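Please look over the notes below alongside the coordinates. They cover the backbone, the surface and the chain as a whole.

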Amino acid sequence: MVRLNDITSAVLSYHPNADVSLVEKAYVYSAKVHQGQIRLSGEPYLSHPLEIAYILTQMKMDVMSVVAGLLHDTIEDTGTEISEIERLFGKEAANIVDGVTKIGKMHFSSSEEAQAENMRKMILAMATDIRVIIVKLADRLHNMRTLGYQTPDKQETIARETLDIYAPLAGRMGIYWLKSTLEDLCLYYMEPEIYEKIKTDLAERKGSREQFIREVIELLSAKLKEANIDATVKGRHKHLYSIYWKMKDQNLSPSQVYDVVAFRVIVNSLRECYEVLGIIHATWKPVPGRFKDYVSLPKANMYQSLHTTVIGPLGQRMEIQIRTWEMDRVAEEGIAAHWKYKEGQSANKTDTKQFAWLRQLLEWQISLKDPKEFMESVRMDLFPNEVYVFTPKGEVKEFPKGATPVDFAYSIHSEIGEKCIGAKVNGRMVPLRYKLKNGDTVEIITSTKHHPSKDWLDFVVTPRARTKIKQWIMRQEMEQSINLGREILGKSLDQTAINLSSVMKGEQLEAVAKELSFHSVDDLLANLGFGRVSAKQVIGRLRAKLGIEVEEPPSLMSKVVARIKRKKSTTGIKVKGLEDILVRFANCCHPLPGERVVGFLTRGRGVTVHTFNCRHMLDAQPERVVEVVWEPSDHDVYLARLKVVTSDKKGILADISTIMTQKDANIIQAEIQTTMDKKGVSHFTIEVENFKQLHEIMGAIKKIKSVLLVERL
């Protein structure tokens, strides 16, 4: 097991002035709160946070990250409050721990909507502090290393989630050793037979392969020495997952995959990188189309290296990477190589570019509301297949494969994209559907009279272009709907004593819009144009505002309300704009006083109250959503459902029920089950007065020693 001294010594090795006393304090606190807890492996639970902290030191992370690694499970597993972490270790550490805890509650194997929502939360956590995801990646690495103690089903689920989410994230952040390690571990659990087959085949050919590596290193080192280039040449075996992927892609057996060895040449200067490339190509024949220059065109995560594939001395392909020592450091450490917060410094230009992709993800999570579209954007960014093109001034721009001149235009500026009428690629006119190729020089032709077309959505591939085109189309449709709504209202008002122009100038129409839960008069008119609200409904309310007492047929809203059984609300809820309306609470989310809530108008059934973030409200029709607020009440009680997972210990249910009694909660129903691994799973339906009371009950139950999980259903 890793010891505290291993962690502090590692920190001081790369940050001699670090305040390791905070690390020692975090160790003592973690040991205290995790005392008595055991992992599935039988080891003390403290071994896990110690391993996480040590992994973070191998990534050369700052003291706060290491402290967060030691504390990362305290909130979820020990009932510790985040306020206590902040009091003892500061806001910075508390924010990281809180972010890791929230990510830990996410599950990515459910529906696309839930998966998209979880990815949004992860991106927001990353944006708050990128160290959140680095600590989480270290946590996932140790969990994968100890996955053998889980059930086969759990192994499959966790490995799939790691391969789909966490390994690509590690790669996107430039931490390639972590990506490779996670992928190999995933392969071991997801395809154990193939894993063993590849491993056995590599072991059988180990002797000849190591001799081949020595011969290539000796030959290449001699060539470089002749050219007076001081270089270090390394040979390594490719990781198992990359061999598996090549087998799968090319339908090969392990023995048919020959290029399982890669070489790396590390030099002192940028100039020497290209000199070494010339020597290699003069020594062995290069494979056409297999040369990539990531030095002059770095990847989005700032990875730099020259990649070439040549025909080796035994007639097989071998891959060689050429880079400087600084490039090698960035390639090994990834995003941590640019970390400046550990010494209180601000980010420089390199760091700003390094985090640009995160800002882009943030923009998408804000603007892309459709879950499928959002997840596709994230996948495209996590699994990039880049095309590099040039502006007329020589600036390099990176796009996903299949990008078009329209994608290029929007990458420059939204207005350039909107006014794009044509494009020249390498000096020749091309269709807007043209797919950009590596090395293309692109020039956009614009016209002030031109506008985006719906057809562009059929071929653009970047989320930015797609989002901006949709926004423009929506604005145009909105303007058309406003004009149509104004025309409909005007014609309807011609048959009354109300003048449209005077109403538009006054405040009455704005008041009607707010009564109908619209943000503005334009919003009201647009919904009139869309047919979502009737002119009669608007005119009826206008008459009331203007004091015109003319009997009119009942509006759509009044018909709906008339069909509702009216009674005096005794629910503690007030519905804005409606009096004496039937109110009921949604069974899907069981809202409680103190929580943010919204109402949904249901024909014949009154208003159903949901929590603000209830999944059933995500796709609700906006015109049927009404504003509701809690009114003070000392007598009402509300139902809440809790799930409590415990270790199989005598008297645990008595402890839980005692807490509920002490907190003045009435247990309506209880269901208890025992799982195969000797855990108790209990579901309680209880009566509480408000959200605060429920929160206190959950906090008290979490502090019971044998309780593993408490969550509200």
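1. Does Asp-664 count as buried or exposed? The model is predicted, and in it Asp-664 has a relative accessibility of 66%. Asp-664 therefore counts as exposed, since the cut-off for that class is over 50%. The residue sits in the loop that links α28 (652-662) to β19 (666-674). Its phi is near 60°, a positive value in a residue other than glycine.

2. A positive phi is worth a second look because most residues other than glycine have a negative one. Asn-426 is another case, with phi near 55°. Asn-426 lies in the loop between β9 (420-425) and β10 (428-430). Its relative accessibility is 47%, so Asn-426 counts as partly exposed.

3. On the surface, Asp-153, Glu-156, Glu-191 and Glu-193 form a negative patch. One of these residues, Glu-156, belongs to helix α10, which spans residues 152-172. Glu-156 counts as partly exposed because its relative accessibility is 38%.

4. For the chain as a whole, the secondary structure amounts to 29 helices and 21 strands. The chain has 713 residues, and 48% of them count as buried. The exposed area is about 36700 Å², with 50% of it supplied by carbon and sulfur atoms.

5. Which share of the contacts joins residues at least 24 apart in sequence, among those between residues at least 6 apart? In this chain the share is 64%.

Technical notes
Residues are numbered from 1 along each chain as its sequence is written. This is a predicted model: local features need pLDDT of at least 70, side-chain atom pairs count only at pLDDT 80 or more; totals for chains, interfaces and linings use all residues. Side-chain values use heavy atoms; hydrogens and water are left out. Patches are made of residues with over 30% relative accessible area and no salt bridge: like charges are joined within 9 Å, nonpolar side chains (Val, Leu, Ile, Met, Phe, Trp, Tyr) within 5 Å. Accessible areas come from the Shrake-Rupley method with a 1.4 Å probe; for residues, only the protein chains shown count as cover. A salt bridge is a side-chain nitrogen of Lys or Arg within 4 Å of a carboxyl oxygen of Asp or Glu. Lys and Arg count as positive and Asp and Glu as negative; His and the chain ends are not counted. The place of a charge is taken as NZ of Lys, CZ of Arg, CG of Asp or CD of Glu. Helices (H or I, at least four residues) and strands (E, at least two) are DSSP runs, numbered from the N terminus. Buried means under 20% relative accessible area, exposed over 50%, partly exposed in between (1.4 Å probe, protein chains only). Contact means heavy atoms within 4.5 Å.
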